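Reader: I would like to take a close look at the pairing within a single sheet, and then to see how that part fits into the rest of the model. Please go slowly, and say how each term is meant.

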Amino acid sequence: MANINIKTCACKGIRYCLLCGNITNDMVQDRNVAQTIEIHNYCPDCHKAWPALDLMQHPSHQGDGFEFEGIFLWTDFITEVEEQQLCQQIDQTPFVDSQSGRRKQDFGPKVNFKKRKLKCDDFSGLPNYSKALYVKMTTNSLLHDFIPVELCNLEYMPERGSAIDPHFDDFWLWGERLVTLNLLSDSYLCMTCDEHPNMEVHIPMPRRSLLVVHGPARYKWKHSIHRKDISGRRLAMTFRELSDEFRGQGTQSEMGQKLINIAFTFKGIAVG
Ligand SMILES: O=C(O)CCC(=O)C(=O)O
Ligand SMILES: [Fe+2]
């Protein structure tokens, strides 16, 4: 009988998940096995990264810590009841398959990053349930002028081996601050940087916390999530703002304003 290979996921190129699992890539992802990686844990109380052997009991850290700039963690951003209501609302929209065992819902313009092209015909705004979150986050001084024009909800599941490879979020369209609300299970954002090839800095992302990645953490360090750090279903709501090119006197500020006007109707339905 012919061997019919029916693909049940959305992975392309070097991406993979447990459904299409590819052993060679497993070795790439789990590079700690082949290479000695110095793991540091980020402490949100002193904004320093500490060697992993440290017990992470602030302020009694051990070893040589170093300043890790560009992380703001707002723990208990929402209550357990709010989390439950929010997830119910998110789950009313179907998720679509994405890379590396993730699924997603996107509220934002359709973007071709390679060709630097944008289409906003299908964008109907940020979803209604995100309005209260936006209002609350802007009460913090770091986010007082944050104007999100995209929300991407990602779903991670241990059964699918969900993960995200090290990457920078696009610099052409997206601005400095990446704001993520973490839901349903705790995880870690792993930071890596070409200047320190054998180092990982793990940023805690407790359930119901809001994480802001900005400054050097956004521009100098790539971020990823290891599949081993997905212990249960995880939803991540990432809000993105526009880059300077799409604001103020930027060459694409007209398009930027159009996106803001659509986003702020808060009447959005997912575009994919
Ligand atoms: O799931 C997360 O917290 C991060 C997602 C991410 O890095 C991205 O969508 O670009
Ligand atoms: Fe990202």
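In which sense, parallel or antiparallel, do strand β1 (residues 38–43) and strand β13 (residues 196–205) pair, and over how many bridges?

Author: This is a predicted model, in which local features need pLDDT of at least 70 and side-chain atom pairs count only at pLDDT 80 or more, while totals for chains, interfaces and linings use all residues. Residues are numbered from 1 along each chain as its sequence is written, and chains are lettered from A and ligands numbered from 1 in the order in which they are written.

Strands β1 and β13 run parallel to each other and are held together by four bridges (two strands pair if DSSP finds at least two bridges between them; strands are DSSP runs of E with at least two residues, helices are runs of H or I with at least four, and both are numbered from the N terminus). Within this pairing, N41 has H202 of β13 as its bridge partner. Strands of a sheet pair through backbone hydrogen bonds, either parallel or antiparallel.

On its other pairing, β13 meets strand β12 (residues 187–193), and there the two run antiparallel over six bridges. L189 is found opposite I203 of β13, and the hairpin that joins β12 to β13 has two residues between them.

These strands belong to an open sheet of seven, with mixed pairing, whose order is β3-β2-β1-β13-β12-β15-β10. Its edges are taken by β3 (66–67) and β10 (164–167), each of which has a single partner strand, so one side of each is left without a neighbour in the sheet. Two loops that adjoin strands of this sheet contain backbone features worth pausing over. In the loop between β2 (48–51) and β3 lies P59, which is joined to H58 by a cis peptide bond with omega of about 5 degrees. In the loop between β11 and β12 lies L184, whose phi is positive, near 75 degrees, although the residue is not a glycine. Most residues other than glycine have a negative phi, and most peptide bonds are trans.

There is another open sheet of seven strands, this one with antiparallel pairing, in the order β4-β14-β11-β16-β9-β6-β5. Here β4 (71–74) and β5 stand at the edges with a single partner strand each, so one side of each is left without a neighbour in the sheet. Starting from the β5 end, strand β5 (residues 96–97) is joined by two bridges to strand β6 (residues 103–107), running antiparallel, with V96 opposite K104. The two strands form a hairpin with five residues between them, and S100 in its turn has a positive phi of about 50 degrees. Strand β6 is in turn joined to β9 by five bridges, again antiparallel, and K104 finds its bridge partner in L154 of β9, so that K104 is paired towards β5 through V96 and towards β9 through L154. Elsewhere in the sheet, strand β11 (residues 174–183) and β16 run antiparallel and are joined by seven bridges, with L178 opposite R240.

Both L154 and L189 return in the surroundings of ligand 1, where the residues around the ligand (C-beta atom, placed from the backbone, within 6 Å) are C152, L154, I164, D169, T180, L189, H223, I225, A236 and T238. The elements that give two or more residues to this shell are β9 (148–156), β15 (222–225) and β16 (234–242). Of these, β15 is listed in the mixed sheet, whereas β9 and β16 are listed in the antiparallel one.

An unreviewed UniProt entry annotates residues 148–243 as "domain: Fe2OG dioxygenase" (such annotations may be inferred rather than shown by experiment; positions are given in the numbering used here, and feature names are shortened). This span is 59% strand and 5% helix, and its end C-alpha atoms lie 11 Å apart.

For the protein chain as a whole, the secondary structure comes to six helices and 16 strands, and its C-alpha atoms fill a box of roughly 65 × 50 × 40 Å along the principal axes. The mean pLDDT of the protein chain (the predictor's confidence in each residue, from 0 to 100) is 92, and 92% of the residues reach 70 or more. Confidence is highest in strand β14 (residues 210–213), at 99, and lowest in helix α1 (residues 23–29), at a mean of 45. The model scores ipTM 0.99 and pTM 0.91.
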